[in-house]
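Please examine the sequence together with the fold shown below. The discussion proceeds from charged pairs to backbone geometry and then to the nonpolar interior.

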Amino acid sequence: MEKLYIFKGECDPYAFIQRIAAEKYNNTEITKNEKGKPYFKYIPDLFFSISHKDELTVIAFSACEVGVDVERIKTADLRVCRRFLKQEVDYITEQDSDRRFFEVWTKKEAYLKCKGTGIAGGLKSVNVFECNPKIKTLYFEDYIISVCSENDYEIEK
């Protein structure tokens, strides 16, 4: 079940996640690991990740670890780039810096969520051009969404 759900407007992500899981599983209890990453306590083969920005909520389901991040593309504060690697900064400043900034940012967040550390894992610890598993990025209206997982995704809007 590799699906990426995109909701515009009000959404209770945990209610949605439990409803989807309840279609196949009996006990959909959610707990968190020591780093705060939520997971199903009794479903070892179903993983999920949630991200939201403004009125957009994105939920990824996977049979393996997964991380997702969404950001609205706007004017970037390029001072944040000091937390990025030189190769990433060069990519951002080469052209269309706002779009590329949020591409790099969402890829880093998605990767760190997939690994279970979140942003506390360190933005400089991730080179978005050399990540394994790979990170896929897509655009939805004026948002950018990045998903990190071993698997490909079907998108539900």
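By how many residues are K86 and D90 separated in helix 2? The model is a predicted one, and in it K86 and D90 stand four residues apart within helix 2, which spans residues 86–94, so that about one helical turn separates them. The two side chains form a salt bridge, with 2.7 Å between the closest N and O atoms. K86 is exposed, because its relative accessible area of 62% is over the 50% cut-off. D90, at 38% relative accessibility, counts as partly exposed. As a general matter, side chains of opposite charge can pair when their charged atoms come close.

A salt bridge with the corresponding spacing is found in helix 3, residues 97–115, where K107 and E103 are four residues apart and hence separated by about one helical turn. The closest N and O atoms of K107 and E103 are 3.0 Å apart. Are these two residues buried or exposed? Both K107 and E103 are buried.

A further pair links distant parts of the chain. R72 forms a salt bridge with E55, the closest N and O atoms lying 3.3 Å apart. R72 belongs to strand 6 (residues 67–72), whereas E55 sits in the loop between strand 4 (47–53) and strand 5 (56–62), and 17 residues separate the two. R72 has a relative accessibility of 22% and therefore counts as partly exposed; E55, with a relative accessible area of 32%, is likewise partly exposed. The pair also takes part in a network of salt bridges that links D54, E55, R72 and D142. In total, the model contains twelve salt bridges.

The backbone merits attention next. D54, a member of the network just described, lies in the loop between strand 4 and strand 5. D54 has a positive phi of about 55°, although it is not a glycine. With a relative accessible area of 52%, D54 is exposed. E141 also has a positive phi of about 55° without being a glycine. E141 is located in the loop between strand 7 and strand 8 (143–148), and its relative accessibility of 53% places it among exposed residues. Another backbone feature is the peptide bond from N132 to P133, which is cis, with omega near 10°. P133 is found in the loop between helix 3 and strand 7 (135–140).

The interior remains to be considered. In soluble globular proteins, nonpolar side chains tend to be buried together. In this model, the largest nonpolar core has 19 residues, of which F84, I92, F101, Y111, V126 and C148 touch the most other members. Which elements give two or more residues to this core? They are helix 3 and strand 8, and helix 3 supplies the largest share, eight residues. A second, separate core comprises 13 residues, including L4, I6, L138 and Y143.

C148 brings several of these regions together in one view. Leaving aside residues up to four places away in sequence, C148 touches E65, V66, G67, A110, Y111, C114, P133, K134 and I135. Among these contacts is Y111, which, like C148, is one of the core residues touching the most other members. Another is P133, the residue that follows the cis peptide bond from N132.

Note on methods. Residues numbered from 1 in each chain as written. Predicted model: local features only at pLDDT ≥ 70, side-chain atom pairs only at ≥ 80, totals over all residues. Heavy atoms only, no water. Salt bridge = Lys/Arg side-chain N within 4 Å of Asp/Glu carboxyl O. Buried < 20%, exposed > 50% of the residue type's maximum accessible area, 1.4 Å probe, protein only. Core = buried A, V, L, I, M, F, W, Y, C linked by side-chain atoms within 4.5 Å. Contact = heavy atoms within 4.5 Å.
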